[in-house]
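Q: I'm new to this one, so could you pick a single part and take me through it up close? Plain words are fine.

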2 protein chains.
Amino acid sequence: MERQKGVALWRQIADRIRASITQGDYDATGMVPAETQLAAAFGVNRHTVRSALAALAQEGIVRAAQGRGTMIVRRDKFTFPIARRTRFTEGIGAQARDLEGLLLSSGREPASEDVARRLKLAIGEPVIRLDALRKADGRPLSRTTTWFPAERFHGIDVAFRRRGSITCALEDLGVADYLREVTEISAIHAEPDDVADLALTPGAIVLVTRALNTDMDGIPMQYAVTRFPADRVEFTITN
Amino acid sequence: MERQKGVALWRQIADRIRASITQGDYDATGMVPAETQLAAAFGVNRHTVRSALAALAQEGIVRAAQGRGTMIVRRDKFTFPIARRTRFTEGIGAQARDLEGLLLSSGREPASEDVARRLKLAIGEPVIRLDALRKADGRPLSRTTTWFPAERFHGIDVAFRRRGSITCALEDLGVADYLREVTEISAIHAEPDDVADLALTPGAIVLVTRALNTDMDGIPMQYAVTRFPADRVEFTITN
DNA sequence: CAACATTTGTGCGTATGTATT
DNA sequence: GAATACATACGCACAAATGTT
């Protein structure tokens, strides 16, 4: 391996491996050669190859598995539409064969500063919190924490557990329709909880949405913070 | 350092340093202690500390500088509104003291498959491409590549260079108003170009928007792919 | 200006642990 | 169980950047 001036060896190697992957050199096996082989091929120490592979893993291009090797990752994304009538289940609907919504936990709690501000409640007023995980074709697709004013939406947790969908649960509570008022989107690195819940690798990207839904009269109804694995989801806003 | 079963040492150390940072232990200097000091404090090898710091750097919490140390990063985000009338300059407007738009390069070229589809042109029809960098208060805020149908928008490159804003440039070409038809949002790890253009570190997150603007008659006018540093920007969609 | 100490960056060698085949 | 392959951790050495003397 020739040393380019000023560019670390492991970076050069990462670039070359990335190029080989996109060029399809490893398509036969779908795997990158073993670290020892790469080290020999490039004439560097195995640690140097590991630095390169770590960078690629962090980019989500490859995924190393202890004892098996380093696999090349290829997956396409779900498109999640964001509009005035945003519905999770309908939105993803046709893109997956199988959708499920799991209620992880729920509870009644006093509204935090953030939740109170969004739902236009006083701080400390009771809200119902739902923690839900949504899966598409068996793979985690989102992790939502959502809050409802407690008095108006008593029983929403039971309804959600039964129906597996917020929209359906709200129907059961007599809410025929609702609107998405505002959505905030940001992106961060996966935190330990995300790694666990969304089956991500540390360093993966999580898209975070903060959404406020109102009833047809414009009264705040639901505030939801949802975390999506960025390698499996993208958003579409149609105006 | 006690070894927890099944959790790598460097992860435990990363968690402890992160906790110390959020707790404000290092606020006096705004820096993390030197690697050798941390290694001694935790009773581990310097490489182990480096793994931990690398993870934190990758999360954007710290930033290491050769010869100086590892600084704690603290910054807040610009909010970029996405709506039917989305205008970059107006959108960021009040949030920055100083906004500038730089034309990096421009040219006339045949429409690629992607560009042609979005602009509803035939593949190969001439389009004008603009590469622009936007800065807020001297810091790169976005990197846009945008395409216009060549015949209708002849001279847009000159106009943009003069005005530093797409909206103003379009005004000069007689386009008083336009609408955002659709916006796609995804998030990826920074690529080498992003690192250079947006002054990011490798491993940072880039928010990518793909937007189609039409004129008031709904005719596709501009297709833009914009890359934002995720640590400096978030999006708001108001329905 | 030069010399020096400090601090992070890179790379190699070695050893051991752990998961998979 | 044995072989293979990735994961973690330590130790050493030197390079490169920075700040100080």
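A: Let's start with A:I185, whose bridge partner in strand β11 (residues 233-238) of chain B is B:F235. In β9(A), the bridge partner of that same A:I185 is A:T209. A:I185 belongs to strand β8 (residues 179-189) of chain A, and strands here are DSSP runs of E with at least two residues, while helices are runs of H or I with at least four, each numbered from the N terminus. This is a predicted model, where local features need pLDDT of at least 70, side-chain atom pairs count only at pLDDT 80 or more, and totals for chains, interfaces and linings use all residues. Residues are numbered from 1 along each chain as its sequence is written, chains are lettered from A and ligands numbered from 1 in the order written, and side-chain values use heavy atoms, leaving out hydrogens and water.

Now the pairing, which takes at least two DSSP bridges between two strands. β8(A) runs antiparallel to strand β9 (residues 205-214) of chain A, with 10 bridges joining them. With β11(B), β8(A) pairs in the antiparallel sense over 4 bridges.

β8(A) is largely enclosed by the rest of the structure, because 9 of its 11 residues are buried (under 20% relative accessible area; exposed is over 50%, partly exposed in between, with a 1.4 Å probe and protein chains only). Across chain A, 49% of the 239 residues count as buried.

Stepping back, chain A has 8 helices and 11 strands. Its C-alpha trace spans about 70 × 35 × 35 Å along the principal axes.
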